[in-house]
Amino acid sequence: MDYSRLLNNKIQSLKPSGIRRFFDIANEMDHVISLSIGEPDFTTPWHVRQEGIESLRRGRTWYSPNRGFAELRSQISKYYARRFNVEYDPDEEILVSVGGSEAIDLCIRAIVQEGDEVLIPQPSFVCYEPMTIMADGKPVIIQTKAENEFRLTAKELEDAITPRTKLLILPFPNNPTGAVMRREHLEEIAKVIEKHDLLVLSDEIYGELTYGSERHVSFADIKNMRERTIVVSGFSKAYAMTGWRLGYALGPEPVITQMTKLHQYAIMSAPTTAQYAAIEALRHGDADIERMREEYDMRRRLIVDSFCRMGLTCFEPEGAFYCFPSIQISGKSSEQFCEELIYSQHVAIVPGTAFGDCGEGFARVSYSYSLNHIKEALVRIEKFLDETKP
């Protein structure tokens, strides 16, 4: 049977995730140290797990309302007001989703129509471009630069806008680079957004993971941007709850209402057990966030210092749990460097090109793994560099 004739051409044209390719290779090899996946090595805090277990013990296995349990939406509202100074109506402006990825998909599909242009700064997470294509939009890539520490500049944004532009995706703190947009940078972006009457999808899943004295600033907290911004976040990174598959969107009621409609037909509701656990995380999990962030910060400084000592130029990431070293001294492409590294030293990292063509010459390394794991990987990477000097 000729399935290529029967299947959706648009879906067939999409490339598989470059992240998962190296993860799959690592899974088929023995004694591999993987720094490839952005998953906390911490176990979900016990008091959060316990609440999920208790919900099952009590037989709470029913559907939740489409938008999520009222108590969870109330706690999300309080959390964003407490941590990021932005208030949302839990009844009208919050939607609980199956992970942050579903919320991104719902947002794009609710806003984008055929031919609408969506601005996507890259390097960035792999889902934005294919989701735009699946929504019949046109991805317009803005290549951020290492000399700007991979931040989006107002000029880069202005230069990319056309009469068809409708939505900007703002992926900061950034995966894969660790770049952060501080308030002064966001204010410059906001002027351009207001001038051209655009909407913004602000992916803030790593908002709790910033380092130094300055905390994350939500784009919705910038003057006049709340009404133009849909914030997407979730529980995977800050609370080490990746497998619980729970995220949320915050935004103006008209947008959230349309996103909810899509959610109703495609998913119906997020997992009940995960929602009860998330309520506990929001109520009593601030100390867990701080503990994990301190550990990530220690790993961050170790891995960046080590790469710089090896000659792999690496700007200091200020958010998330990734660094994005330049591998150009090796004389190899990003893909070649990562393939040879995994086969010769059994260390898995991800080519920068998995996050956009402008990632050529770089690789993404996750420090969401244990300190011993990272130390051994660094020894093997240095050995690889010594043995393959051009």
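**Entry 1: a proline to start with**

Where does Pro123 lie? I found Pro123 in the loop between strand 3 (117–122) and helix 7 (128–134). Helices here are DSSP runs of H or I with at least four residues, strands are runs of E with at least two, and both are numbered from the N terminus. I then checked the bond before this proline: a cis peptide bond joins Gln122 and Pro123, with omega about 5°. Another cis bond turned up from Phe172 to Pro173, where omega is near -5°. Pro173 sits in the loop between strand 5 (165–170) and helix 9 (183–196).

Notes to self on the model: it is predicted, so local features need pLDDT of at least 70 and side-chain atom pairs count only at pLDDT 80 or more, while totals for chains, interfaces and linings use all residues. Residues are numbered from 1 along each chain as its sequence is written, and side-chain values use heavy atoms, with hydrogens and water left out.

**Entry 2: positive phi**

I looked up phi next. Phe150 has a phi near 60°, a positive value in a residue other than glycine. Phe150 is in the loop between strand 4 (138–143) and helix 8 (154–160). Is Phe150 buried or exposed? Phe150 counts as buried because its relative accessible area is 3%. For the cut-offs, buried means under 20% relative accessible area, exposed means over 50%, and partly exposed is in between (1.4 Å probe, protein chains only).

Ala320 also has a positive phi, about 60°, although it is not a glycine. I placed Ala320 in the loop between helix 12 and strand 9. With a relative accessible area of 0%, Ala320 is buried.

**Entry 3: the cores**

Which residues touch the most other members of the largest nonpolar core? I noted Leu35, Tyr296, Ile303, Phe307, Phe337, Ile349 and Ile381, out of 37 residues in that core. Elements that give two or more residues to this core are helix 12 (286–310), strand 9 (322–323), helix 13 (334–345), strand 12 (363–366) and helix 14 (371–387). A nonpolar core is a set of buried Ala, Val, Leu, Ile, Met, Phe, Trp, Tyr and Cys residues joined through side-chain atoms within 4.5 Å.

I clicked on Phe337 too. Leaving out residues up to four places away in sequence, Phe337 touches Ile327, Ser330, Lys332, Ile349, Phe384 and Leu385. Contact means heavy atoms within 4.5 Å. There is also a second, separate core of 30 residues, and Phe84, Val231, Ala238 and Met241 are among them.

**Entry 4: cysteines**

How many disulfides does the structure hold? Zero. A disulfide is a covalent bond between the sulfur atoms of two cysteines; the rule here is a pair of cysteine sulfur atoms within 2.5 Å. Cys107 is in no disulfide, and the nearest cysteine sulfur, that of Cys127, is 11 Å away. Cys107 is buried at 0% relative accessible area. Cys308 is in no disulfide either, with the nearest cysteine sulfur, that of Cys314, 5.6 Å away. Cys308 counts as partly exposed, at 42% relative accessibility.

**Entry 5: salt bridges**

Side chains of opposite charge can pair when their charged atoms come close. My rule for a salt bridge was a side-chain nitrogen of Lys or Arg within 4 Å of a carboxyl oxygen of Asp or Glu. The count comes to 34 salt bridges.

I started with Glu208 and Arg83, whose closest N and O atoms are 2.9 Å apart. Glu208 is in the loop between strand 6 (199–203) and strand 7 (229–234) and Arg83 is in helix 5, so this pair ties together parts 125 residues apart in sequence. Both Glu208 and Arg83 are buried. They also belong to a salt-bridge network with Arg82, Arg215, Asp286, Glu290 and Arg293.

Then I looked at Arg226, which forms a salt bridge with Glu93, the closest N and O atoms being 2.6 Å apart. Arg226 is in the loop between strand 6 and strand 7, Glu93 is in the loop between helix 5 and strand 2 (94–97), and the two are 133 residues apart. Arg226 is partly exposed at 28% relative accessible area, whereas Glu93 counts as buried at 13%.

**Entry 6: one glycine**

Last lookup: Gly100, found in helix 6 (residues 99–111). Gly100 and Leu246 are 146 residues apart in sequence and 6.9 Å apart in space, C-alpha to C-alpha. Setting aside neighbours within four places in sequence, Gly100 is in contact with Val232, Ser233 and Gly247.
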